[in-house]
Amino acid sequence: MPKKGVLKSALDAHKNRNYKLERQRKQEKAARKRKQAAEPLNEDGESGEEGGVQLKEPVNVKDNGEKKSKANGTKASKASKASKNEPEWETEESESGSDDEDVPDETALGLARLDDSESDISGDDSEEEAEDDEEDEAEEEEDIALSDIESLASEDKGDIIPHQRLTINNTTALTAAVNRIQLPYAKLAFSEHMSVTTDEPVEIEDVEDDLNRELAFYKQALSTVKDARTLLKKEGAPFSRPADYFAEMVKSDEHMGKIKQKLIDDAAGKKAAAEARKQRDLKKFGKQVQVAKLQERAKEKKDTMEKINILKRKRSGADVTNTNEEDLFDVELDNTETSGDRRRGGSDGKNFKRSKKNEKYGFGGKKRHAKSNDAMSSADGRDFSHKKMKGKTGAAQRPGKARRMKSR
Amino acid sequence: MEKGRWWGRGQKTRNNVRASSGQAMPWAGDLVERKNKQRVLILSSRGVTMRHRHLLQDLYSMMPHSRKEAKLDTKTKLYQLNELAELYNCNNVLFFEARKGKDLYAWMSKAPNGPTVKMHLQNLHTMEELNFIGNCLKGSRPILSFDAAFEKEAHLRVIKELLTHIFGVPKTSRKVKPFVDHVMAFTIADGKIWTRVYQINESEVGKKKPAADGEEMDVDPAPKKKGGKPEYDVSLVEIGPRFVLTPIVIQESSFGGPIIYENKEFVSPNQIRSDLRRAKAGKYNRRTEAMTENKIKRGELGLTTHGGRKKEKDPLSDSVLFA
């Protein structure tokens with residue numbers, strides 16, 4: 001492989017010619033073999049010509065023109081190659097005879113010939129085609145055969161034009177075939193054949209585009225159905241199935257049940273998916289709402305606490321706060337005062353203290369252990385004072401003797 | 001006389017017509033006598049997969065004029081099909097040839113003397129796997145809908161005619177149902193024949209009362225005294241199966257004879273597969289090639305220890321100066 005690559009790069013420019021030579025030699029060899037097998041008599045006369053074949057193949061093609069014109073391109077490429085050498089050793093009058101004697105390769109060619117001659121009878125235009133094809137073949141000598149290209153990777157063969165298979169399109173034979181089997185549509189009632197052709201060809205830009213392609217098919221079918229329907233109605237043929245006509249269907253009930261189940265499942269799945277998505281969204285949104293509400297509440301609480309503190313300071317601090325501040329908070333302070341009053345007085349005229357006491361000492365409910373310490377109260381260190389713990393408070397009451405004497 | 005092949009077994013009738021009417025032209029009679037007689041032998045080769053078999057079954061269920069046969073043993077001696085068709089009085093053959101357990105080729109032929117079309121069948125989806133809600137009567141006759149492109153080229157006309165004969169259910173078929181409730185559409189796109197089967201759904205437009213047409217009587221038992229035109233909205237629902245046919249070759253006679261058409265653009269699935277494989281292999285090959293080339297280049301520049309050119313001696317190296 002690598003060797004070939006190097007070679008290829010080295011001989012890139014000369015490749016075509018070399019290749020051609022190689023193949024010609026191969027063909028010569030093959031031709032010589034066949035000749036020896038088939039007609040040992042002609043040998044001496046032909047060998048001189050063989051030499052001529054070697055380098056100027058295109059000339060040969062022209063020499064054989066009158067023969068080649070019979071071939072209307074219906075041969076496989078291989079057969080066509082062989083045919084170029086064939087006339088060199090084959091005498092004109094013994095064409096059919098030599099075909100019979102040939103090696104199997106040649107019999108195939110012979111068959112192709114026969115076919116060609118048959119199709120020649122059917123029409124004149126095939127001869128024109130033949131000439132065209134001949135030119136094509138001459139051009140194709142420059143190309144590389146498909147079989148040689150196969151060994152290359154697809155990236156490597158990007159710019160090489162392979163042989164194209166010669167297409168066979170024997171129009172006359174095809175037309176004859178159609179005429180042979182065609183129903184006499186003009187004389188048939190439409191209800192006999194029921195085939196409709198659209199007026200305009202269906203055009204689909206992109207075959208890969210599933211939706212548009214199917215739509216085009218649908219449209220075609222629909223338009224033809226409408227045409228056919230009117231035609232059938234005109235002929236008085238039954239068209240629609242009556243509602244009470246029951247018969248076996250193409251798809252069994254079981255099958256239809258399966259389809260229905262599938263549809264239901266699909267629909268249910270879709271619905272469930274939509275529901276789940278909705279829930280998910282709601283959850284996400286709900287969380288946001290909750291968080292916002294909590295924040296709002298916390299903020300509100302903070303605000304009130306601040307205001308209460310300010311108020312407290314104002315009351316206890318004996319007008320330490322300057323009047324400016326007071327002015328600033330005037331309205332709000334009033335508000336807080338009123339709210340404080342309301343709290344103090346209870347919402348419905350009840351004593352706030354009383355209600356608190358009720359809460360603490362019980363007005364109903366459990367009375368035991370209510371005053372005993374619990375974890376919270378024992379951990380509460382607000383009332384603790386180390387001074388109180390020292391117990392010195394009483395000792396300083398009576399001054400010393402000297403002081404007492406002095407004061408006297 | 002050769003035109004009369006499509007009459008099928010109508011030899012006797014034709015003679016009678018001629019005898020009774022005394023006309024030289026058998027076609028000059030009235031329309032009533034003309035019968036489209038088709039019978040289709042439908043079978044596959046061995047080695048079909050489940051999907052291929054189901055497709056065959058689907059088609060068979062929609063073709064009351066068809067005769068299903070056991071799988072054919074051979075893939076080479078297809079001319080045997082002609083004898084089989086004769087045995088079952090069929091004048092059409094629809095033969096599915098499976099290769100390698102994956103590729104399906106459809107042969108369509110007019111049995112005694114051609115032509116034959118060989119097509120590659122792709123994108124196969126059977127009714128079972130498609131889950132379409134359409135349905136139709138078993139044995140009702142389809143409307144065959146063809147793309148106008150079928151008339152453009154000779155080989156397509158041949159194919160169209162064959163499709164008409166094979167998939168069109170003749171009126172006189174034995175198990176046929178008298179109503180038309182599905183349509184078979186053949187469209188040419190991208191050089192291929194795309195096949196779809198739809199159910200025909202008729203629904204009334206608005207609440208207009210349908211007219212008193214003869215066939216409409218069956219359709220709708222609702223009151224229809226007024227002579228207004230029936231307003232029906234026709235819609236289609238797909239039934240299945242779906243498949244795509246690529247014409248490959250047309251032969252002049254039935255499973256034999258000269259090839260009168262060959263599709264140049266057709267690439268066999270084997271080729272495609274091998275190309276894919278080769279493209280994969282090419283990656284490795286190119287890399288190795290590049291590596292070897294690189295090695296050679298380096299060797300030529302004298303940069304390698306083994307092989308290639310030897311490194312030139314530096315005239316200023318220690319070994320030269322202090323030799």
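In the hairpin formed by strands E4 and E5 of chain B, five residues lie between the two strands, and B:Gly114 takes a positive phi near 80°. This is a predicted model, and all values below were computed from it. The strands of the hairpin, E4(B) with residues 103-110 and E5(B) with residues 116-125, run antiparallel and are joined by six bridges. One of the pairs across the hairpin sets B:Leu104 against its bridge partner B:Leu121 in E5(B).

Strand E5(B) also pairs with E10(B), residues 242-253; these two strands run antiparallel and eight bridges join them. Here B:His125 has B:Arg242 of E10(B) as its bridge partner. A little further along the chain comes helix H4 of chain B, residues 127-130, which holds B:Glu129. Is B:Glu129 buried or exposed? Because B:Glu129 has 12 C-beta neighbours inside 10 Å, this residue counts as exposed. B:Glu129 and B:Arg51 are separated by 78 residues in sequence, while their C-alpha atoms are 9.2 Å apart in space.

Strand E6(B) gives another picture. Seven of its seven residues are buried, and the strand is therefore largely enclosed by the rest of the structure. Within chain B, E6(B) pairs in the parallel sense with E7(B), residues 177-189, over six bridges. In that pairing B:Phe146 is matched with B:Phe186 of E7(B). Strand E6(B), residues 140-146, also pairs across the chain boundary: E2(A) lies parallel to this strand, with three bridges between them. In this pairing between chains, A:Val196 stands opposite B:Ser145, and A:Thr197 has B:Phe146 as its bridge partner. B:Phe146 is thus a bridge partner of A:Thr197 and of B:Phe186.

The pairing of E2(A) with E6(B) belongs to a wider contact between the chains. Chain A contributes 72 residues to this contact and chain B contributes 77. On the side of chain A that touches chain B, the elements giving two or more residues are helices H1 (2-10), H8 (104-122), H11, H12 (190-193), H13 (210-235) and H14 (253-316), together with strands E1 (168-169) and E2 (195-197). Which element of chain A gives the most to this side? That element is H13(A), with 13 residues. Sorted by class, the residues of chain A on this side comprise 35 nonpolar, 19 polar and 18 charged.

Helix packing also links the two chains. Two packed helices are described by the angle between their axes and the distance between the axes. For helix H11 of chain A (residues 171-181) and helix H5 of chain B (residues 154-167), the axes come within 8 Å and cross at roughly 25°. Angles under 35 degrees count as roughly parallel, and H11(A) and H5(B) are therefore roughly parallel to each other. Their crossing is left-handed. From H11(A), the contact is made by A:Thr171, A:Leu174, A:Thr175, A:Ala177, A:Val178 and A:Ile181, and from H5(B) by B:Ala154, B:His155, B:Arg157, B:Val158 and B:Glu161. By class, the residues of this helix contact comprise six nonpolar, three polar and two charged. An α-helix has 3.6 residues a turn, so residues three or four places apart point the same way.

Elsewhere in chain A, helix H17 (residues 352-361) is hardly covered, with a count of zero buried residues among its ten. Just after H17(A), A:Gly362 takes a positive phi of about 100°.

As for the chains as wholes, the secondary structure of chain A comes to 20 helices and two strands, whereas chain B has eight helices and eleven strands. Of the 408 residues of chain A, 14% count as buried; for the 323 residues of chain B, the share is 38%. In chain A, 63% of the contacts with a separation of 6 or more are between residues 24 or more positions apart. In chain B, 66% of the contacts between residues at least 6 apart in sequence join residues at least 24 apart.

Definitions and conventions
Residues are numbered from 1 along each chain as its sequence is written. Chains are lettered from A and ligands numbered from 1 in the order in which they are written. This is a predicted model: local features need pLDDT of at least 70, side-chain atom pairs count only at pLDDT 80 or more; totals for chains, interfaces and linings use all residues. Axes are lines fitted to C-alpha atoms, for helices over the stretch in contact, and angles run from 0 to 180 degrees between N-to-C directions. Helices (H or I, at least four residues) and strands (E, at least two) are DSSP runs, numbered from the N terminus. Angles under 35 degrees count as roughly parallel, over 145 as roughly antiparallel, 65 to 115 as roughly perpendicular and the rest as oblique. A crossing is left-handed if the near helix is turned anticlockwise from the far one by less than a right angle, and right-handed if clockwise. Two residues are in contact if their C-beta atoms, placed from the backbone, lie within 7 Å. Ala, Val, Leu, Ile, Met, Phe, Trp, Tyr, Cys and Pro count as nonpolar, Asp, Glu, Lys and Arg as charged, and the others, Gly among them, as polar. Two strands pair if DSSP finds at least two bridges between them. A residue is buried if 20 or more other C-beta atoms lie within 10 Å of its own, exposed if 12 or fewer, and partly exposed in between; C-beta atoms are placed from the backbone.
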